[in-house]
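This report describes selected features of one molecular structure for a reader who is new to the subject. Please keep the sequence and the three-dimensional view at hand while reading.

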Amino acid sequence: MTAMGVLAFEPNSQIKQDVIALGEYLQNPHFRIAVFAPFNYGKSTLLNAWLGARLLPMDLIPTTGAAIHVKYGEQIETHITLKDGTKIVKNGTNILQEYAILDNDRRMRSDVTAVEVYYPDPWLKTGVELIDLPGTDDREAQDNLVRDRLLTADLIIQVLDARKLMTLNERENLRDWLSDRGIKTVVFAINFLNLIPSEEQQEVNRRMRFVAESFRSELPNNVSNLYRVDALPALRAKLKGDSAALATNGLTTFVSAIEQITAIQQSEKSLRLPRLLAVVEPIKQALASKITTITTELTEAKEQYQAEIEVKQKAEKIIKQAFQRSLSELESWLYLPNLLSAYQSQLATALEQSKLDDWENQQLQPKLLEYQNAIAHWVNKASEFFDKKPPAELSITLPKPPEIPLPKSPNTPNKSSDVDLTPVAIATGLGWLLGGPVGAAIIGGATYLIDKNSESPVKPIVTDPELIKKAASEAAKNYLTTFSNEAFPPLKEYQQIVEKWLDFQPSLEPQNTSERYHNLQLLTTLSSNLERELEILSPKIS
Ligand SMILES: Nc1nc2c(ncn2[C@@H]2O[C@H](COP(=O)(O)OP(=O)(O)OP(=O)(O)O)[C@@H](O)[C@H]2O)c(=O)[nH]1
Ligand SMILES: [Mg+2]
């Protein structure tokens, strides 16, 4: 049952064990009779007497260390199944000493999963199976095993020790545990009655009858569920074939009563369903409460998630607006007419003074950075808020130093007519340099023609301040035009990337809920299947 996993029962929880045991019980065609009692009460001795052979280990110390199932077989054989699947088959039952008794620490072997003894008894051949169980009240593992087996039994025989009667409390606990599982019939066998003085035997019998009364509601009035059997004397008599002794020690009466009760119960056949129903009820409840828990958790998760999404959507809106604003501020700054009116004249002055570098570092670059930072600020905010890596930063580079057509000056020597004076690259620091072999430089406002090929001192070529101013202003305009033209494409591209990146698309479901949905579905299906099965079964029980 997959729901067992979803319900996450404790590994040894009673419900889980009940379900497992019941599965086996429902499949098992044999009528199972289990004998149980605390250790040393003579369970194994009683079964041996019943079967007429020393099949099952008996001893003065706690002995039986497995549920030993005795079934019909043509010859006496013992089958041991180990946890790893190994099956050991041996003639006789000596091998029980190795696999089915408690060790020196009074513990069961943990590697044994099933112990079966096959025995050629005609009554067993009718489809009856006897189960010898470890004693209870010694260790929890044994107690658990016994309870498991009791649930899979069709008839339960409890051995009582005439010398140690059950207390009221013990009796009620047992009755509650059994009736919670739909087990209403228990046959009691009193052992060791011959060991107490006869004047006390009467009183013991009276009290035992009182105990037995709680477990016979399903039996006809003429059939008792309380018997006296002196197990050891019975075994001895049986082995000797002493039928007179068998009658006095109670075995004959006990065995024929059990056969009668078995016949009655076997004919009813309805034993197993009520027991199933008794165990199903707690499972139904566990399913229902788990379904409620998961549903509540899912609803809460969804509401919380919805709230988170709303917050994120709000944040997205604010961030997007702010980003757009900072971006259009930069755009407007880069808009050529604005650039020219803000910077052309100061740039021209800077060029005249050969201070392009200084101007870039002190004027243009800081301003550009300021706009870029404003944009990056919002991108980083979004990155933090939505916890995703931001796109590559916006990169706007400054143009190369400007080139200008250098005007001809009246002072320009004729011989320089062969010199191509345009365009002229304006370098920084040293002044103006021509692209060709001849350069022009402005140093401190004076313009010279530099013949780079000659070592001769520089000679001025343009000295007219008006012409220089004009050239510088032209150069400034060129520079700013290039700057504006080159800045827009990366800016547009960046805008597109960021706008797409800023689109927060919430997934429909909060994370980590899919498994819970799956479990919920599983449980709901299971629950309704269970209901349906029960509806089909119910008419058969009532
Ligand atoms: N005197 C006497 N001794 C008995 C009687 N029945 C059993 N015994 C002894 O009591 C001891 C325990 O008997 P077992 O049959 O091993 O008892 P058990 O209930 O199977 O014990 P565990 O397997 O340990 O739970 C053995 O030594 C038996 O010989 C009886 O009727 N009279
Ligand atoms: Mg035993």
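## A glycine in a loop

Gly52 is placed in the loop between helix 3 and strand 2. The model is a predicted one, and the values given here are computed from it. With a relative accessible area of 23%, Gly52 is partly exposed, because the partly exposed class lies between the limits of 20% and 50%.

Along the chain, Gly52 and Lys240 are 188 residues apart, yet a distance of 9.3 Å separates their C-alpha atoms.

## The magnesium ion

Which protein atoms serve as donors to the magnesium ion (ligand 2)? They are OG of Ser44 and OG1 of Thr64, which lie 2.0 to 2.1 Å from the ion. These two residues link distant parts of the chain, being 20 residues apart. Ser44 belongs to helix 3 (residues 43-51), whereas Thr64 is in the loop between helix 3 and strand 2 (68-72).

Are the two donor residues, Ser44 and Thr64, buried or exposed? Ser44 has a relative accessibility of 7% and therefore counts as buried. Thr64 also has a value of 7%, so Thr64 counts as buried. The reasoning rests on the limit for a buried residue, which is under 20% relative accessible area.

## The surroundings of ligand 1

There are 22 residues around ligand 1, and those that come nearest are Lys43, Thr45, Thr63, Thr64 and Asn191. The shell comprises eleven nonpolar, eight polar and three charged residues.

Several short distances can be located in the view. An oxygen atom of ligand 1 lies 2.9 Å from a polar backbone atom of Asn40. In the case of Asn191, an N or O atom of the side chain is 2.8 Å from an oxygen atom of ligand 1. For Leu232, the distance from a backbone N or O atom to an oxygen atom of the ligand is 3.2 Å. On its own, ligand 1 has 650 Å² of accessible area, and the protein covers 88% of this area. Helix 3 and helix 9 (231-240) are the elements that give two or more residues to the shell.

## Two residues with positive phi

Most residues other than glycine have a negative phi. Asn40 has a positive phi, near 70°, although Asn40 is not a glycine. Asn40 is located in the loop between strand 1 (31-36) and helix 3, and a relative accessible area of 31% makes this residue partly exposed.

Phe192 is another residue that is not a glycine and has a positive phi, here about 65°. The loop between strand 8 (186-191) and helix 8 (198-213) contains Phe192. Its relative accessibility is 17%, so Phe192 counts as buried.

## A strand hairpin

How do strand 3 (residues 77-82) and strand 4 (residues 87-91) pair? They pair in the antiparallel sense, over five bridges. Within this pairing, Ile80 stands opposite Ile88 in strand 4.

Strand 3 and strand 4 form a hairpin, with four residues between them. Gly85 lies in the turn and has a positive phi of about 100°.

## A buried glutamate

Glu129 is part of strand 6 (residues 128-132). Its relative accessible area is 0%, and Glu129 is therefore buried. The side chain of Glu129 is joined to the side chain of Arg32 by a polar contact of 3.2 Å.

Note on methods. Residues numbered from 1 in each chain as written. Chains lettered and ligands numbered in written order. Predicted model: local features only at pLDDT ≥ 70, side-chain atom pairs only at ≥ 80, totals over all residues. Heavy atoms only, no water. Donors = N, O, S within 2.8 Å, 3.2 Å for Na, K, Ca; no water. Buried < 20%, exposed > 50% of the residue type's maximum accessible area, 1.4 Å probe, protein only. Pairing = 2+ DSSP bridges. Near = heavy atom within 4 Å. Polar contact = N/O pair within 3.5 Å; in protein donor to acceptor, adjacent residues only side chain to side chain. Areas by Shrake-Rupley, 256 points an atom, 1.4 Å probe, with all protein chains shown as cover. Nonpolar A, V, L, I, M, F, W, Y, C, P; charged D, E, K, R; others polar.
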